[in-house]
Amino acid sequence: MKIIHVVENLERGGLERAVIDLATAQVARGDHVRIVCLFERGQLADEAEAHGAPVHACGKRGGLELGVLWRLRRHLRGAHVLHTHNATAHYHAMAAAAGLGLRCRVNTRHGMGALDTASRRERLFRRTMPYTDAVATVCEAARIDLERSGALPGSKLVAVPNGIRVERFAARSYEARAALLDTLGLSNGTRLIGTVGRLNPVKDHVGLIHAFADMRADGVDAALVIAGDGALRGELAALIAERRLEDRVFLLGDRSDVDVLLRGLDVFVLPSMTEGYSIALLEACASALPIVATMVGGNGEIVRDGVNGLLVPPGDRPALARALVRLLGDVSFATRLGAAGRTWALADASVATMAQRYDALYASVRR
């Protein structure tokens with residue numbers, strides 16, 4: 001098949017990671033795949049091209065730009081599948097595809113897919129629904145929310161969970177942990193808690209740092225590593241200094257070696273206030289890490305409480321601290337949780353499984 005993915009750009013992020021992994025799997029099985037960016041190419045474009053998926057940028061700046069639609073239209077001619085990602089990419093692509101007779105027009109709403117029904121973006125998105133064959137959500141929780149809202153027709157909604165390249169992730173190991181402790185200048189007895197994600201208020205790093213400070217005040221010998229970058233970096237650095245945690249909380253910035261980092265941790269934590277189907281959680285599962293996560297969005301579809309991790313209410317700092325202390329204090333329990341998570345990830349969270357699910361969706365709407 002000739003498959004065209006349309007995105008805003010390929011900057012580093014969960015949506016973009018999922019698109020590149022899906023495109024790579026489709027190329028590997030013999031499909032002709034192209035990725036078209038409305039705006040700039042982005043940091044990950046070279047990686048997509050290295051795996052056989054050419055990337056084209058339309059150079060959009062803002063507002064209605066007819067030139068962007070014409071450039072996009074050229075890439076859509078002859079496509080068997082038009083697969084867009086999130087609202088802005090979708091309504092631009094649908095406008096550009098008018099009259100081309102495309103038989104399979106699929107959109108994926110990443111994250112929880114929440115609709116601000118009053119916004120111009122979402123009004124334009126909803127107007128494409130008569131011409132859209134299916135809208136995929138990345139978790140069942142998002143599909144249910146969108147159907148309940150009445151904003152989108154339930155008959156066109158289907159959950160297609162994201163997958164990751166599970167083969168990249170090895171189970172956590174003593175050697176990796178010792179190497180990370182050495183890099184951080186910490187003693188061998190220090191337990192390592194880690195999280196991965198952009199430094200954004202919805203990830204609630206502030207709450208995590210406060211919960212960790214309370215753990216330290218109770219004498220827990222642990223350190224916290226935070227991988228990712230974003231607008232809150234300065235604020236978080238100030239909070240770390242205020243709580244006198246400079247030698248125990250480490251802002252690692254954007255990392256391209258997350259698979260290596262995860263292998264060195266004892267526990268993974270995701271304290272988000274909202275979440276879709278978290279790539280970071282899937283990667284933690286594949287790394288055999290016991291997990292503490294908040295009960296939001298699709299987290300409960302990845303982390304089963306008491307099976308491969310612990311779930312806590314969002315914003316509940318004492319509960320977050322208690323769950324982390326429990327996993328740090330019961331190594332046998334934590335190890336069982338981590339092993340269960342890896343077993344599940346290898347079976348159900350691979351890119352191959354995600355690609356098969358999209359194949360089935362494409363086939364169902366092309367009939």
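The accessible surface of the protein comes to about 14,900 Å², and 51% of this surface belongs to carbon and sulfur atoms; the areas come from the Shrake-Rupley method with a 1.4 Å probe, and for residues only the protein chains shown count as cover. The structure is a predicted model, in which local features need pLDDT of at least 70, side-chain atom pairs count only at pLDDT 80 or more, and totals for chains, interfaces and linings use all residues. Residues are numbered from 1 along each chain as its sequence is written, and side-chain values use heavy atoms, with hydrogens and water left out.

Of the 367 residues in the protein, 55% are buried, where buried means under 20% relative accessible area, exposed means over 50%, and partly exposed covers what lies in between (1.4 Å probe, protein chains only). The C-alpha atoms fill a box of roughly 65 × 40 × 40 Å along the principal axes. The protein has 15 helices and 13 strands; helices (H or I, at least four residues) and strands (E, at least two) are DSSP runs, numbered from the N terminus. Its radius of gyration is 21 Å, close to the 21 Å that the globule rule gives for 367 residues, so the protein is as compact as a globular protein of that length. This radius is taken over C-alpha atoms, and the rule is 2.2 Å times the number of residues to the power 0.38. Among contacts between residues at least 6 apart in sequence, 67% join residues at least 24 apart, a contact being heavy atoms within 4.5 Å.

Turning to the sheets, one is an open sheet of seven strands in the order 3-2-1-4-5-6-7, with parallel pairing; two strands pair if DSSP finds at least two bridges between them. Its edge strands, strand 3 (55-57) and strand 7 (157-159), each pair on one side only. Neighbouring strands here are turned by 25° against each other on average, direction ignored. Axes are lines fitted to C-alpha atoms, for helices over the stretch in contact, and angles run from 0 to 180 degrees between N-to-C directions. Within this sheet, strand 1 (residues 2-7) and strand 2 (residues 32-37) run parallel and are joined by six bridges. The bridge partner of His5 in strand 2 is Ile35. Helix 4 (residues 87-96) packs on the sheet, where it touches strand 1, strand 4 (81-85) and strand 5 (105-109), and its direction makes about 145° with that of strand 4.

A second arrangement is an open sheet of six strands, ordered 10-9-8-11-12-13 and again with parallel pairing. Strand 10 (249-253) and strand 13 (309-312) are the edge strands, each pairing on one side only, and the twist averages 20° from one strand to the next. Strand 8 is mostly covered, with six of its six residues buried. In a regular strand the side chains alternate between the two faces of the sheet. From strand 8, Arg191, Ile193 and Thr195 point one way, while Leu192, Gly194 and Val196 point the other way. Six bridges link strand 8 to strand 9 (residues 222-227), and the two run parallel; Val196 has Ala227 as its bridge partner in strand 9. Helix 8 (residues 205-217) lies across strand 8, strand 9, strand 10 and strand 11 (267-270), running at about 170° to strand 9.

Just before strand 8 comes a loop worth a look. Ser187 sits in the loop between helix 7 (174-184) and strand 8 (191-196), and is partly exposed, with a relative accessible area of 43%. Leaving aside residues up to four places away in sequence, Ser187 touches Leu181 and Asp221. Ser187 and Val292 are 105 residues apart in sequence and 24 Å apart in space, C-alpha to C-alpha. Ile144, found in helix 6 (residues 140-149), is also partly exposed, at a relative accessible area of 28%. The C-alpha atoms of Ile144 and Asp221 are separated by 42 Å, with their positions 77 residues apart along the chain.

Finally, there is a helix crossing. The axes of helix 11 (residues 279-286) and helix 14 (residues 331-348) come within 7 Å and cross at roughly 110°. The two helices are therefore roughly perpendicular to each other; angles of 65 to 115 degrees count as such, those under 35 as roughly parallel, those over 145 as roughly antiparallel, and the rest as oblique. Leu282, Cys285 and Ala286 of helix 11 make the contact with Gly338, Gly341, Arg342, Trp344 and Ala345 of helix 14.
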